[in-house]
Amino acid sequence: MASRHDNELIGRIWCDRYEILELIGKGGMGTVYKARQIQIDREVALKVIHRKLTHYEKSVARFEKEARASSKLHHPNNIRVYDYGRSDDDRLFIAMGCLTGQTLGDLIASEGPLTPQRVIHITRQIAKSLGEAHEVGLVHRDLKPENIFICDIHGEPDFVKVLDFGIAKA
């Protein structure tokens, strides 16, 4: 459930470069908004760390680690990180590709068991994503259906994007 504070950010210009358009979702570390990167008119997902967590050095380090780790990944099956930093009011954020689709968990919940061919198609893409991460020395450590996003990209159904390298280990 969105708090009053989460909705107050909608319509704001964030760090002089992002216009926050709408709330996408909330997680343990932060709130995710759909935003527009103003200078290049690009739609992004803007993850803003919960304000209360900015007071804990460990949480700040984890968030910054996610941003740095994710920015090293360029395989098509990994979420693309465009920017990260700290706002004027001392909140951390990360700007990444904005996706349309659903998590693997939501897909399974809505459609039930997937066909073996579909499972193989999805699993191969996850393996490719993790392969790149391992090549740069990262272990995901939180791979679960909620961190696997399924979308339709350029007419290719069941295109996988692996999300949330927040507790990755180098």
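Asp-158 counts as buried, at 14% relative accessibility; here buried means under 20% relative accessible area, exposed over 50%, and partly exposed in between, with a 1.4 Å probe and protein chains only. The areas themselves come from the Shrake-Rupley method, and for residues only the protein chains shown count as cover. The model before you is predicted, so local features need pLDDT of at least 70, side-chain atom pairs count only at pLDDT 80 or more, and totals for chains, interfaces and linings use all residues. Residues are numbered from 1 along each chain as its sequence is written, and side-chain values use heavy atoms, with hydrogens and water left out.

Let me stay with Asp-158. Which side chain does Asp-158 meet in a salt bridge? The partner is Arg-118, at 2.6 Å from N to O. By salt bridge I mean a side-chain nitrogen of Lys or Arg within 4 Å of a carboxyl oxygen of Asp or Glu. The pair links distant parts of the chain, 40 residues apart, with Asp-158 in strand β9 and Arg-118 in helix α4, residues 116-135. Helices (H or I, at least four residues) and strands (E, at least two) are DSSP runs, numbered from the N terminus. Arg-118 is partly exposed, with a relative accessible area of 21%. Val-119 also has its place in helix α4, and counts as partly exposed at 38% relative accessibility. From C-alpha to C-alpha, Val-119 and Asp-158 are 9.8 Å apart in space, and 39 residues apart in sequence.

I turn now to the other salt bridges. How many are there by this rule? The count comes to 10. As a general point, side chains of opposite charge can pair when their charged atoms come close. One of the pairs is Asp-164 with Lys-47, at 3.9 Å from N to O. Asp-164 lies in the segment after β9 (156-162) and Lys-47 in strand β4 (residues 42-49), so this bridge ties together parts that are 117 residues apart in sequence. Within the pair, Lys-47 counts as buried, at 11% relative accessibility, whereas Asp-164 is partly exposed, at 21%.

Another salt bridge joins the side chains of Asp-90 and Arg-86, with an N to O distance of 2.9 Å. Both ends can be placed on the accessibility scale: Asp-90 counts as partly exposed at 41%, and Arg-86 is partly exposed at 40%.

There is also a network of salt bridges, which links Glu-19, Arg-36 and Asp-41. Asp-41 deserves a second look for its backbone. Although not a glycine, Asp-41 has a positive phi of about 50 degrees. Most residues other than glycine have a negative phi. Asp-41 lies in the loop between β3 (30-37) and β4, and is exposed, with a relative accessible area of 56%. His-154, likewise not a glycine, has a positive phi of about 50 degrees. The place of His-154 is in the loop between β8 (148-153) and β9, where the residue is exposed, at 82% relative accessible area.

Next, the surface charge. Lys-65, Arg-68, Lys-72 and Arg-141 gather in a patch of positive charge on the surface. Patches are made of residues with over 30% relative accessible area and no salt bridge, with like charges joined within 9 Å and nonpolar side chains (Val, Leu, Ile, Met, Phe, Trp, Tyr) within 5 Å. Lys and Arg count as positive and Asp and Glu as negative, while His and the chain ends are not counted. The place of a charge is taken as NZ of Lys, CZ of Arg, CG of Asp or CD of Glu. Of the patch members, Lys-72 is found in the loop between α2 (57-71) and β5 (81-86), and is partly exposed at 48%.

Helix α3, residues 104-111, is my next topic. Where in α3 do the buried residues Leu-104, Gly-105 and Leu-107 lie around the axis? They cover an arc of only 160 degrees, which puts them on the same side of α3; the arc is that of the directions from the helix axis to the C-beta atoms. The face turned away from the buried side of α3 carries the exposed residues Ala-109 and Ser-110.

Finally, Leu-99 is found in the loop between β6 (92-97) and β7 (101-103), and counts as partly exposed at 24%. Leu-99 and Asp-152 are 53 residues apart in sequence and 9.2 Å apart in space, C-alpha to C-alpha.

Definitions and conventions
Accessible areas come from the Shrake-Rupley method with a 1.4 Å probe; for residues, only the protein chains shown count as cover.
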